[in-house]
Amino acid sequence: MTSGIHHITAITRKIQANVDFYVGFLGLRLVKRTAGFEDSDQLHLFYGDGTGAPGTLITFLAWEDGSPGRLGIGQPAEIALSIRPEAIGFWLTRALTFNVQITGPTQEFGEPVLRLKDPDGIIVKLVGEAGVAGTSPWTAKGILAADAVQRIRGATIFSDQPQATADFVVRHFGFRPVAEAGGIRRLASEAADVLDIRDAGGFWTSAPGTGTIDHIALRAPDRAAVERVEASLRAEQAGATNMHDRTYFYSLYVREPGGILLEYATDAPGMLVDETPEALGSKLFVPRHFLADPDDIRARLPQFSLPGEERMTERDLPFVHRVHRPENSDGTALVLLHGTGGNETSLLPFGARVAPNATLVSLRGRSMDEGYPRFFRRITAVTFDQKEIASEATALAAFIGEANAAYGLDPEKMVFLGYSNGANMLGALMLLHPRIVRNAVLLRAMNVLEDVPMADLSGTNVLMVTGQSDPYGPYAADIEAFLVRAGASVENRVLPAGHDIGAADMELVRQFMQRVPG
C-alpha cells in the first residue's frame, strides 16, 4: 500500500439530486449506504469504483434541507477525479447534454481540466491524467470503460498558513512537494494523488453546512500506522485527535495548522467486509453502537432511488417535508406534524410502526420559537399568536392540496396525525378550513384559537389521546367540545401518561388506522 487519498467526504442538502449527479451523471457506483457513525439520523453514502477501493471513494453526509455552508479558509475547496486525457471531449459533451454547469478545458500543472459543479455547488474537477488506469472503473449507462472516472486525482484546500499546512502533511502522511504555481503548493503521494494547497490569506473563514467538503481522508497501511501517527501527533502537541473503528476502516481525525480536518484511514477491511461484490451498496448498514431500534433509524433517514429505479420525487412545496414510501403500499397516507423541539423526521418512526404500509408525509413547522421549529408561535404557555395560526393554517391547507396532486394521495384514505404543537395546528386547521381533513389523530392537544368559527365537520373522524398527568390535559376538553359542536365524530381516550407519547398511544393510533379504508 502506498500513501495517498483514501476518501473525501462532503455534505449534501438533497440526497436524490446528489445520487443523480454522482451515479447518474458521473457514473460512479454506490458502494455503501450507512447511518452516520456520529449521528444515526444522518444518511452517509459512499461512491467509488466497482469494488469500492480506497482512493476512489467520494462520500456524502446527508443534511436533508439543511442550511448551506460557506467556502473559505480552513476547508477543502475542490474534488479532483482522474479520467484519461482523451476522455475530455466525451465529458464536455456529456455535461452539455445533462445541463451540468461546466468551465474549461483549461491547463493546470500540465494537465487538461474540466470544472463541474454538483447540485450543491461543490466543484468537481475532471483531470486528464496521462497513463491513468484504475483497477476497477465502474461502467454506467452511456459511459464506456475508456471514458469512465478512474480514481481520485486529488483535492484543493484553502489555508491561510499554506507552508505550515504543507509541512504538516509532508511530515505525518507521506506526501512530498512537487510543484508550485499561481499561489498553489502541490503535494503528491506515492500513489500520485495530489493535494493542492491554495494560499487563502485574506479570504473569509469557512462555515460548515451543505455544499461544503467536510474532510479529506489520507491512506494508512494498517492500524499500527494509525496508532504511530497518533502518538507522533500527541508528542508534537498537534491538537486534539481521536481514533475510531468505522467498520470499513480504522482511522484518526486531526486538524492541521490551517484548520482543515484530516482523517487517516486504513485500507482494510474495506467495503466488501459485509457485502458481496455483486450486492455492494444495496443494503443500509446501521452501526451497532446505536442502541435504538434499526427500523426506527431507517424510517428517519431520507429515501432515494438509483437511476432507473421507480421513484417519487419530492416536490418544492410551502413546507419542508419528508416523504417515506413503504415497500408495500396499501394506498393510505399518514401526514405527520411534530411537536415543539421536533422536526420533519421526529414522528417518522412512530408513523412507520402504526402504519407500516402507508405513505408517510412528515412536515417541518415554519415558525422558529425559542430556537425550535413550531407550527405557530407561543406567547405564553397557553396563549398563542393568532395571526400566525391563521396564516399558517392557510399555508398548510394549500400544502395539502398541492401534496395530494404531487404525490397522488387520496384524501379519503389520508390520516393527519399531530403531536402537541402539531396537534394544536391540526385542530385549528380543521376549524378554520373544514372538509380538508377527514381523519385526524390529535395527541396531547388543546384549543389555541381565541375566536372559534362555526364549521361543518360532519363526516370527520377524530381520535384524541390525552395524558392523565399531562399539565396541558385539562385544556383538551375545549378542543374536543369545539370539534363535536362542528359535527365531528370524536373519541377522546385518556391514558395514564404525561405529555410524552409511547406504546399505548401507538396501539390506539394503530387501531384507528385500521378503520381507514385502504
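Student: What makes strand 23 and strand 24 (residues 439–443) count as paired?

Tutor: In this predicted model, strand 23 and strand 24 share four bridges and run in the parallel sense. Pairing takes at least two bridges, so the two strands qualify. One place to look is Tyr419, which stands opposite Leu443 in strand 24.

Student: Which strand pairs with strand 23 over five bridges?

Tutor: That's strand 19 (residues 333–337), again in the parallel sense. Look for Ala333 there, opposite Met414 in strand 23. Strand 19 is also joined by five bridges to strand 20 (residues 359–363), and these run parallel too. In that pair Val335 faces Val361 in strand 20.

Student: How do you know that strand 23 is covered on both faces?

Tutor: Side chains in a regular strand alternate between the two faces of the sheet, so you check each face in turn. For strand 23, Met414, Phe416 and Gly418 sit on one side, Val415, Leu417 and Tyr419 on the other, and all are buried. That fits the count for the strand (residues 414–419): six of its six residues are buried.

Student: And what makes strand 19 "mostly covered"?

Tutor: Five of its five residues are buried. Ala333, Val335 and Leu337 point one way and Leu334 and Leu336 the other, with all of them buried.

Student: Why is Ile15 called buried?

Tutor: Its relative accessibility is 0%. The cut-off for buried is under 20%, so Ile15 passes. Ile15 lies in helix 1, and beyond its neighbours within four places in sequence it is in contact with Leu43, Leu45, Ala62, Glu64, Pro302, Gln303 and Phe304.

Student: How do you know that Arg29 has no salt bridge, and is this residue buried or exposed?

Tutor: Arg29 is buried, and the nearest side chain of opposite charge, Glu278, is 7.3 Å away. A salt bridge needs the charged atoms within 4 Å, so this pair doesn't make one.

Student: But Glu278 is on the contact list of Arg29, so what makes that a contact?

Tutor: A contact asks for heavy atoms within 4.5 Å, so the test isn't restricted to the charged groups. Leaving aside neighbours within four places in sequence, Arg29 is in contact with ten residues you can pick out, including Phe46, Trp138, Pro277 and Glu278.

Student: What does the side chain of Arg29 reach instead?

Tutor: The backbone oxygen of Pro277, at 2.8 Å. A polar atom of the same side chain also lies 2.6 Å from the backbone oxygen of Gly50. The limit for a polar contact is 3.5 Å, so both distances fall inside it. Arg29 itself is in strand 2 (residues 29–35).

Student: Which residues have the most contacts inside the largest nonpolar core?

Tutor: Leu26 and Trp91, in a core of 65 residues. Helix 1 (residues 15–25) gives the most to this core, with six residues. There's a second, separate core of 49 residues, which includes Phe375, Phe376, Leu431 and Met464.

Student: Which residues does Trp91 touch?

Tutor: Setting aside neighbours within four places in sequence, its contacts include Phe25, Leu26, Ile83 and Ile102, along with Asp147.

Student: How many helices and strands does the protein have?

Tutor: Ten helices and 26 strands. Of its 518 residues, 54% count as buried.

Note on methods
Residues are numbered from 1 along each chain as its sequence is written. This is a predicted model: local features need pLDDT of at least 70, side-chain atom pairs count only at pLDDT 80 or more; totals for chains, interfaces and linings use all residues. Side-chain values use heavy atoms; hydrogens and water are left out. Helices (H or I, at least four residues) and strands (E, at least two) are DSSP runs, numbered from the N terminus. Buried means under 20% relative accessible area, exposed over 50%, partly exposed in between (1.4 Å probe, protein chains only). Lys and Arg count as positive and Asp and Glu as negative; His and the chain ends are not counted. A polar contact is a pair of N or O atoms within 3.5 Å; within protein, one must be able to donate a hydrogen and the other to accept it, and residues adjacent in sequence count only if both atoms are side-chain atoms. A nonpolar core is a set of buried Ala, Val, Leu, Ile, Met, Phe, Trp, Tyr and Cys residues joined through side-chain atoms within 4.5 Å.
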